[in-house]
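Trainee: Could we walk through this structure together? I'd like to take it piece by piece.

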Amino acid sequence: MFRKILSVGGWTLVSRLTGFIRDVVIAAVMGTGPVADAFVVAFKIPNNFRQIFSEGAFNNAFLPTYAQVLEKEGEDKARSFASRITTLMLIVQVALLGLAFLAMPVVVNLLAPGFTDEPAKFDLAVTLTRITFPYLLFITLVTILSAILNAHERFAVAAASPVLLNLSLIVALALAFLFPNAGHAAAWGVTVSGVLQLGLVWWDAQRKRIAPTLATPRSDPAMRSFFKTLGPAVIGSAGVQIAIFADTIIASFLPTGAVSSLYYADRIYQLPLGVIGIAAGTVLLPEMSRRIAGGDVAGAHAAQNRAVGLTLALAAPFLVAFVAMPDLIMTALFQRGAFDAEAAARAGAALAAYSVGLPAAVLIRSALASFYARSDTLTPLYASLTAVAANVLLKIVLMGPFGVVGLALGTALGVWINLILLFILAHRRGWNDPSKGLLRTCIAVVFASLALGAFAWLAPAPLSSWTNTLPAWRSETLLAVLGASGAILYGVVLLGGMKVFGVRLARR
């Protein structure tokens, strides 16, 4: 399982690195002005709908059902089920696309109401969202094919496909002179990337001979099981996205630059989530689904413990870095072109606030696997809606005194509420079984994190006295040296602690 997680995580790392280059280009070209705010809204709307209807709800309902049909009835029945679901989702997405295109001013007004005070920015957001919205259709099909590939233990191509989004946006921005403005160029880059991603995963599924075809939707036990779990999953995923929409809605009332500042902070915050948390969850869900379908509950819990231990060990250094040096991170990575020192400071403060929720955020997917592997999407729904209610309330309360930072902090606290509820509910049912090995791993991670935190607190001052003498790339060099040295220190202390406590992640 570690090999699979590292495979997905490796490709996700490539995706995040190319995504970082993409964001550097966006920051340099658009900064945090009105065009950037309009594009961020246009980019987030189809992405948030994607996470509600495809990657979130659909994947969590489809993959366990598909895995059960594959395990019990064979590949032919599984392919028939996938074909009927694909046809149905295609019909729904085409209808949604047509409706959204006509109602886009209403959609933008609902999700960024503060833009109405600036008609030019509002009109640009409507135009750009109409360009980006077809991305939702393509990426829904990508999600179906990716879930099928994952169920057959093929993870690499599906994990690599998001790289095409980043490359497409970079190329589009390089050709921005051919468009009315950089926002139009980036919006077209988003939609083109959906076509490219669909082509890539379709090719891999065809090569494996597991690609679905068009088929008339009809009811059978598998379809009924899918829809029974889909409804709560949609509401649960929608709940998470409501919290994200709340960021955009509330930030739209703040001064220009708030929306894009949150975006840049979130992009850095998402790095460990994608590389570690989502990678672990992507591999863990089909693993637990297969084991539970085969009656190996103890093996499923052991796999979950290994995934949680690895996730915490890999995510902890990011938490330390985001808390100890958020300003340096944002300055080194983004401060150039239209992205000035004030924008870097604002985004850095938001990043530090987001980091409060990082441990919970990277563990959410592993915690959800306890329920989704058993086709229980109703319990996560209750946990999600409770957390979202608290999340939105916290945002409203914290926005007044803290502005953009309050929005990020509300998100972080809401994630903790969600994780704690999921753990308690699963533990009461005997659906998780934290082992002594996991506890010892956590202790080793804490000691390594404390050592790294001391280094991050003491090392920047003497190192900056050297980097300040450099003719250029001062912040970038300082961040690189601190990152490399800190990674070595953390790794040595972690491995030493694991040896002292007798921890082997390969065991339960």
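Trainee: Okay, which helix does Val-404 lie in?
Mentor: Before that, keep in mind that this is a predicted model, where local features need pLDDT of at least 70, side-chain atom pairs count only at pLDDT 80 or more, and totals for chains, interfaces and linings use all residues. Residues are numbered from 1 along each chain as its sequence is written, and side-chain values use heavy atoms, with hydrogens and water left out. Helices are DSSP runs (H or I, at least four residues), numbered from the N terminus. Residues 404–428 form one such helix, and Val-404 lies in it: α18.

Trainee: Is Val-404 buried or exposed?
Mentor: The scale is relative accessible area with a 1.4 Å probe, protein chains only: buried is under 20%, exposed is over 50%, and partly exposed is in between. Val-404 has 9% relative accessibility, so it counts as buried.

Trainee: And which residues does Val-404 touch, not counting residues up to four places away in sequence?
Mentor: Contact here means heavy atoms within 4.5 Å. As an aside, Ile-250 is 154 residues apart from Val-404 in sequence and 9.1 Å apart in space, C-alpha to C-alpha. With residues up to four places away left out, Val-404 touches Leu-254, Ala-258, Leu-262 and Ala-350.

Trainee: How many residues does the largest nonpolar core have?
Mentor: A nonpolar core is a set of buried Ala, Val, Leu, Ile, Met, Phe, Trp, Tyr and Cys residues joined through side-chain atoms within 4.5 Å. Phe-39, Phe-62, Tyr-66, Ile-329, Met-330 and Phe-334 have the most contacts inside the largest one. Its size in residues is 135.

Trainee: Which helix gives the largest share of this core?
Mentor: That share is 15 residues. They come from the helix spanning residues 258–293, α12.

Trainee: How are α12 and α14 oriented to each other, roughly parallel or roughly perpendicular?
Mentor: Axes are lines fitted to C-alpha atoms, for helices over the stretch in contact, and angles run from 0 to 180 degrees between N-to-C directions. Under 35 degrees counts as roughly parallel, over 145 as roughly antiparallel, 65 to 115 as roughly perpendicular, and the rest as oblique. α12 and α14 (residues 326–334) pack at about 100 degrees, with their axes 12 Å apart. They are therefore roughly perpendicular.

Trainee: What about α12 and α16, roughly parallel or roughly perpendicular?
Mentor: Their axes come within 9 Å, and α16 covers residues 358–372. The crossing angle is roughly 15 degrees. α12 and α16 are therefore roughly parallel.

Trainee: In the contact of α13 with α19, how many residues are charged?
Mentor: α13 (residues 297–324) and α19 (residues 436–458) pack at about 15 degrees, with their axes 9 Å apart. The contact includes Val-308 and Leu-312 of α13, and Val-445 and Leu-452 of α19. Ala, Val, Leu, Ile, Met, Phe, Trp, Tyr, Cys and Pro count as nonpolar, Asp, Glu, Lys and Arg as charged, and the others, Gly among them, as polar. The contact residues divide into twelve nonpolar and five polar, and the charged ones number no residues.

Trainee: Last one: is Arg-209 buried or exposed?
Mentor: Arg-209 sits in the loop between α10 (182–208) and α11 (221–251). Its phi is near 65 degrees, a positive value in a residue other than glycine. With 69% relative accessibility, Arg-209 counts as exposed.

Note on methods: Helix = DSSP H or I, 4+ residues; strand = E, 2+ residues; numbered from the N terminus.
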